[in-house]
Amino acid sequence: MVTASGGGHGRVALVTGASRGIGAACAGALLEDGWQVVFAARDAARTTAAVEACTASEAQRARALAAAVDVGDPASVDDLFSIIRSRYGRLDLLFNNAGVFPPHRPVDEVSDTDWRDAVRTNVDGMFYVMQRAFRLMKSQRPQGGRIINNGSLAAYAPRPESVAYTATKHAVLGLTRAAALDGRAHGIAVGQIDIGNAATAMTAHVEGGALQADGSMRPETRLDLAHIAATVREIARMPNDVNVLSVTILPTTMPFVGRG
Ligand SMILES: NC(=O)c1ccc[n+]([C@@H]2O[C@H](COP(=O)([O-])OP(=O)(O)OC[C@H]3O[C@@H](n4cnc5c(N)ncnc54)[C@H](OP(=O)(O)O)[C@@H]3O)[C@@H](O)[C@H]2O)c1
């Protein structure tokens, strides 16, 4: 079993979708904050590269692990948790972040493949990882932990031509609330971060113009990932008897509040 090293505090975090974007930024911030961090995503080479990019010293590198997982495949998620159990014996934090945004299409033009892909990753995957984390957190001693699901503003309000993303992110809200209720008895705090326009590949197009609810195209600004990483890091620092059930972080000018 791995113990605290390199100035760390020994607590163990798993971040899914950590090969790039929000996941990599948050995993890096947790590493800086002393966590032992499992970076997980499908592309093993890119995940290893993300670990290398996030680690400022050998001591930090010793607290990081790159692991391959396909969150939509329960057997793959089980394999990941076998590694976590045997290497660390516990899990204190899950940032359940892996997700996909299928191509924008009106409802009638969404392909079955894009629909299935969104449900498989954003709902099935969120559930499989959250459930396995919940089982470990419930069984470990000391009992408990924290789960932060990555929702979206789309968990509350759709963008045009985004039925698969919107439906799956609405489902994340249900996963969060139901698990928060079940977690109470076991010291497991389950909450959700809802982000608007983070500066990742997923939103590369919005600065050039994003389709609005009234049919117009309008450029939108994006958030620096450092602000999201700082938010996740602060929530992660809290004791497990404090739950941040919901936090929304978005560019101040983003058309969300006030129906536009
Ligand atoms: N960017 C935004 O403005 C924004 C806003 C609201 C919510 N979000 C949410 O934030 C999360 C991350 O978004 P992002 O912008 O950072 O996206 P991104 O840059 O496209 O990164 C997505 C990450 O998820 C991983 N992933 C995708 N499918 C996976 C699977 N089946 N199994 C394991 N890992 C998988 C990807 O790695 P591999 O391809 O290597 O597997 C990658 O590391 C998503 O849940 C997204 O819905 C983003």
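This briefing covers model confidence, helix H4 and the shell around the ligand. The model is predicted. Mean pLDDT for the protein chain is 96, and 98% of its residues reach 70 or more. Residues 1-5 are the part to read with care, with pLDDT under 50 throughout.

**Confidence**
- Over residues 1-5, the model has 12 contacts beyond four places in sequence.

**Helix H4**
- H4 spans residues 74-87, 14 residues in total.
- From first C-alpha to last, H4 reaches 20 Å, close to the 20 Å expected at 1.5 Å a residue.
- Val-77, Leu-80 and Ile-84 of H4 are buried. They sit on the same side of H4, because they cover an arc of only 60° around the axis.
- The other side of H4 carries exposed residues: Ala-75, Asp-78, Ser-82 and Ser-86.
- Three strands take up packing from the buried residues of H4: S1 (12-16), S2 (36-41) and S3 (64-68). Helix H5 (112-139) packs against these buried residues as well.
- Gly-89 comes just after H4 and takes a positive phi of about 80°.

**Ligand shell**
- The ligand is surrounded by 31 residues. The closest are Gly-17, Gly-21, Arg-42, Asp-43 and Gly-99.
- Helix H1 (21-32) and H5 are the elements that give two or more residues to this shell.
- H1 gives the most, with 3 residues.
- By class, the shell holds 15 polar, 11 nonpolar and 5 charged residues.

**Link between topics**
- H5 appears twice: it packs against the buried residues of H4, and it gives two or more residues to the shell around the ligand.

Note on methods:
Residues are numbered from 1 along each chain as its sequence is written. This is a predicted model: local features need pLDDT of at least 70, side-chain atom pairs count only at pLDDT 80 or more; totals for chains, interfaces and linings use all residues. Helices (H or I, at least four residues) and strands (E, at least two) are DSSP runs, numbered from the N terminus. The expected span of a helix is 1.5 Å times one less than its number of residues. A residue is buried if 20 or more other C-beta atoms lie within 10 Å of its own, exposed if 12 or fewer, and partly exposed in between; C-beta atoms are placed from the backbone. The arc is that of the directions from the helix axis to the C-beta atoms. Two residues are in contact if their C-beta atoms, placed from the backbone, lie within 7 Å. pLDDT is the predictor's confidence in each residue, from 0 to 100. A residue is near a molecule or strand if its C-beta atom, placed from the backbone, lies within 6 Å of it. Ala, Val, Leu, Ile, Met, Phe, Trp, Tyr, Cys and Pro count as nonpolar, Asp, Glu, Lys and Arg as charged, and the others, Gly among them, as polar.
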